[in-house]
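The following exercises concern the reading of a structural model. Please attempt each task before consulting its solution.

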Amino acid sequence: MNTSVDTYLGHFNFLTFGISIIAAVLAIDMYALLRTGQFAQTWRILVVASVLFVLLQVLRMSDILLGLQIAHELSQVVRLIFAMALAYAFYQQRRLYT
């Protein structure tokens with residue numbers, strides 16, 4: 001039973017990896033549309049956050065496929081930076097409307 005759970009989690013990790021790459025490409029495309037103004041600052045941060053999320057998924061995949069302990073440790077740091085970037089983007093967006 002545990003093997004099937006691991007298989008599902010592996011499939012979910014591959015799916016998350018693919019979707020994160022698509023999200024990063026879409027975020028970069030959206031940034032190209034909004035190059036100026038205060039909205040562009042928020043999009044810059046969101047593009048960085050999207051790239052960080054892709055990096056996080058790459059680290060997780062290398063941890064799963066290659067069993068690299070350093071990848072697991074680095075993913076914790078990238079996860080923190082991703083959360084900080086996302087929170088800052090929301091703060092910037094909120095500041096525009098107050």
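Four exercises follow, each with a worked solution.

The model is predicted; local features need pLDDT of at least 70, side-chain atom pairs count only at pLDDT 80 or more, and totals for chains, interfaces and linings use all residues. Residues are numbered from 1 along each chain as its sequence is written, and side-chain values use heavy atoms, with hydrogens and water left out.

**Exercise 1. Confidence**

Determine in which helix confidence is lowest and in which it is highest.

Solution. pLDDT is the predictor's confidence in each residue, from 0 to 100. Its mean for the protein is 81, and 88% of the residues reach 70 or more. Helices are DSSP runs of H or I with at least four residues, numbered from the N terminus. Confidence is lowest in α1, with a mean of 76, and highest in α3, with 88. Where pLDDT is low, the predicted coordinates should not be read in detail.

**Exercise 2. Helix α3**

Compare the span of α3 with the expected value, and list its buried residues.

Solution. The expected span is 1.5 Å times one less than the number of residues. For the 28 residues of α3 this gives 40 Å, and the distance from first to last C-alpha, 41 Å, is close to it. Buried means under 20% relative accessible area (exposed is over 50%, partly exposed in between; 1.4 Å probe, protein chains only). By this criterion A71, S75, V78, F82, A85, A89 and Q92 of α3 are buried.

**Exercise 3. The nonpolar core**

Identify the largest nonpolar core and the helices that supply it.

Solution. A nonpolar core is a set of buried Ala, Val, Leu, Ile, Met, Phe, Trp, Tyr and Cys residues joined through side-chain atoms within 4.5 Å. The largest has 10 residues: I45, A49, L52, L56, L59, A71, V78, F82, A85 and A89. Helices α2 (38-66) and α3 (69-96) each supply at least two of its residues. Beyond four places in sequence, A71 is in contact (heavy atoms within 4.5 Å) with L59, S62 and D63. The C-alpha atoms of A71 and L59 lie 5.1 Å apart, although 12 residues separate them in sequence.

**Exercise 4. Two buried polar residues**

Describe the surroundings of S75 and N13.

Solution. S75 counts as buried because its relative accessibility is 2%. Its side chain reaches the backbone oxygen of H72 at 2.6 Å. Beyond four places in sequence, S75 touches L56 and L59. N13, in helix α1 (residues 2-33), is buried at 11%. Beyond four places in sequence, N13 touches Q57, R60, M61 and I64.

Technical notes:
Polar contact = N/O pair within 3.5 Å; in protein donor to acceptor, adjacent residues only side chain to side chain.
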